[in-house]
Every structure is written in C-alpha cells, then in structure tokens.
Amino acid sequence: MAIESSVGATLAWPRRHVGKLLLLLCTVLWLLWFAPQSPVSKALLQWSPALAAGFGQNILISLVAIGLGSFLGLLVGALALSPLGLMRLPARIWVQVFRNAPWLVLIYFTTYVFPFEIHVGSTYVPFPDWVKVTIGLALPASANVAEIFRGAIASIPSTQWEAARSLAFTRGQIFRSIILPQCFKRMLPPWMNLYAVITMGTALASLVGVHDVIDTAQIASNTVNLTGFTVVIYLSLLVLFFAYCYPISRLTQCLERRYAFY
C-alpha cells in the first residue's frame with residue numbers, strides 16, 4: 001500500500017509542474033544547442049531589443065482590449081439582467097453575435113472597415129491599426145465578460161435575494177451591498193483566464209500589418225536568413241508568451257481555490 005502511494009505521488013508530480021518542466025526543457029535545449037559565440041546566438045542577441053519592443057506592443061493591445069471589453073461587458077451584462085425586455089434583447093444579441101464570431105474576422109472587419117483617420121473639425125486624427133485590432137479583440141471580450149457577469153449573478157443563491165428583500169432593501173441596494181461584492185470574487189478567475197486568452201490572440205495582429213512581436217520575428221527571420229535562427233526566434237516567441245501567460249494561469253488556479261466556498 002505504501003509502495004502504491006509513493007508511486008502515485010511520483011507520477012502526480014510532473015502533472016502538477018508541467019509548466020516548470022517545459023520551461024526547464026526549453027532552457028536546457030537553448031543552452032546545449034546554441035553556443036554563445038555562434039552566429040545564431042549573436043543574431044538573436046542583436047534582435048532581442050526589437051523583439052522585446054514588439055512584445056510590449058502585444059501586451060499594450062491586450063491590456064487596452066481587456067479594459068475596454070470589461071467596461072462594455074459589464075454594461076451589456078447589466079442590460080441583460082434588466083426586467084425590461086426591450087433592454088435585454090439588444091444585450092442578448094450583442095453576446096450571441098460577438099461570442100460566436102471568429103476573432104480573425106472581427107480583426108479584419110475593424111481594420112479595413114474603420115477609417116484610417118478621423119476628421120475632427122479642421123484636423124485629421126490618425127486611427128492606427130493597433131487601435132483597430134484592439135477594438136476587434138475587445139468586442140468578443142465584452143461578450144465573454146457579459147456572460148461571466150451574468151453567470152456570477154446567477155450563481156448567487158436566491159435565498160440571499162429573499163433575505164435582503166425581507167429587510168426592505170431596494171434592488172439597487174441589494175446589488176451594491178450584497179450581490180456585487182460576491183460577484184467580483186466569482187468573476188476574477190474566469191476574467192483572468194480570458195485576459196490570458198486575449199494576450200495569445202494578439203498574435204493575430206501581425207496579419208493586418210501591426211508591428212508586433214510576430215511581425216518583428218518575421219522581419220528578423222528574413223533578414224538573417226538562417227534556418228537555425230528561424231527555429232530559435234520562433235521558439236523565443238513561444239517562451240515569451242508562455243512566460244507571460246503561465247503565471248496568470250497559476251494565479252487563476254490559486255484564486256479559484258481561495259474563493260471556492262464564496
């Protein structure tokens with residue numbers, strides 16, 4: 001019996017730490033495969049600042065997209081909970097349309113349908129492509145946030161509503177003082193998971209001409225024109241996105257365990 005438990009614990013360890021093992025494996029391969037003085041390593045070192053700047057563009061797009069999507073999603077989610085049918089219908093249409101629309105189609109739509117500049121008075125304000133991509137990602141994000149908000153509201157036991165009404169609380173007071181504080185804790189883990197997904201979705205920005213980390217990697221690969229460098233630079237992109245999104249995933253799991261009984 002003791003042997004079986006020890007074997008089970010040994011086999012369970014890699015499953016719990018698969019992210020750490022993958023990161024360690026990539027690091028070991030990196031150190032063993034490419035010597036510090038090789039042309040591939042020198043080229044990668046030369047292009048590292050450009051890759052970091054491009055990845056910063058991806059992070060900027062993801063942060064603005066999740067911020068705008070969260071704002072719109074909470075508004076849509078609040079409309080979906082309205083007792084008036086005329087207010088619920090547009091919210092439901094918004095959620096169904098943008099939850100089921102391909103992200104790439106939305107990015108192409110916002111990029112090529114929206115103008116390249118906006119006429120304000122006598123001046124023209126540029127409307128850059130990265131802003132259009134941000135809007136294209138914020139639209140499905142808002143639909144998902146609206147559903148996360150609706151699900152959090154629906155998960156509150158009905159007895160809490162009834163108890164609050166028995167104490168003569170108004171509907172607004174019930175939302176502000178009782179329901180929303182609990183909803184925030186229930187919404188936080190899926191919201192963080194959605195942000196990680198949006199961050200990975202920013203890789204689509206290069207398809208419409210945004211100078212992000214993917215576009216930088218393509219330029220670097222064509223410039224250096226070495227097979228080994230192409231392999232290394234795309235492996236570097238994998239490590240960059242993994243190193244940024246994996247801690248978010250781990251934090252999401254910790255929050256799920258912490259708020260499991262709320």
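## A kinked helix, two cores and some paired rings

Helix α8 has a kink of about 50° at I179, shortly before the proline P181. Keep in mind that this is a predicted model. Helix α8 is a good place to start, as α8 also gives the largest share of the largest nonpolar core, eleven residues. From there we can move on to a second core and then to the aromatic rings.

**Helix α8**
- How far does α8 span between its end C-alpha atoms? The answer is only 38 Å, while a straight helix of 31 residues would span 45 Å at 1.5 Å a residue.
- The kink residue, I179, is also among the residues with the most contacts inside the largest nonpolar core.

**The largest nonpolar core**
- This core is made of 31 residues. Those with the most contacts inside it are V133, L137, I153, W161, I179, C183 and I198.
- Which elements give two or more residues to it? They are α3 (39-80), α6 (129-154), α7 (158-166), α8 (171-201) and α10 (227-258).
- Out of these, α8 provides the largest share, with eleven residues.
- Take C183 as a close-up: leaving aside residues up to four places away in sequence, C183 touches A152, I153 and I156. I153, like C183, is on the list of residues with the most contacts inside the core.

**A second core**
- There's also a separate core of 15 residues, and among its members are A43, W47, F55 and I214.

**Aromatic pairs**
- How many aromatic pairs turn up in a search of the whole structure? There are eight.
- F55, already met in the second core, pairs edge-to-face with F241, at 5.2 Å centre to centre and with 90° between the planes.
- That pair ties together distant parts of the chain, as F55 sits in helix α3 and F241 in helix α10, 186 residues apart.
- Are these two rings buried or exposed? F55 counts as buried because its relative accessibility is 8%, under the 20% cut-off. F241 is buried too, with a relative accessible area of 12%.
- F109 and F114 make another pair: their ring centres are 6.5 Å apart and their planes are at 65°, so this one is edge-to-face.
- Here the setting is partly exposed: F109 has a relative accessible area of 46%, and F114 has a relative accessibility of 25%.
- Back at F55 and F241, ring pairs also bring in Y195 and Y244, linking the four into a cluster.

Notes:
Residues are numbered from 1 along each chain as its sequence is written. This is a predicted model: local features need pLDDT of at least 70, side-chain atom pairs count only at pLDDT 80 or more; totals for chains, interfaces and linings use all residues. Side-chain values use heavy atoms; hydrogens and water are left out. A nonpolar core is a set of buried Ala, Val, Leu, Ile, Met, Phe, Trp, Tyr and Cys residues joined through side-chain atoms within 4.5 Å. Buried means under 20% relative accessible area, exposed over 50%, partly exposed in between (1.4 Å probe, protein chains only). Helices (H or I, at least four residues) and strands (E, at least two) are DSSP runs, numbered from the N terminus. Contact means heavy atoms within 4.5 Å. The expected span of a helix is 1.5 Å times one less than its number of residues. The bend at a residue is the angle between axes fitted to the seven residues ending there and the seven starting there. Rings of Phe, Tyr and Trp (its six-membered ring) pair if their centres lie within 6.5 Å; planes under 30 degrees apart count as stacked, over 60 as edge-to-face and the rest as tilted.
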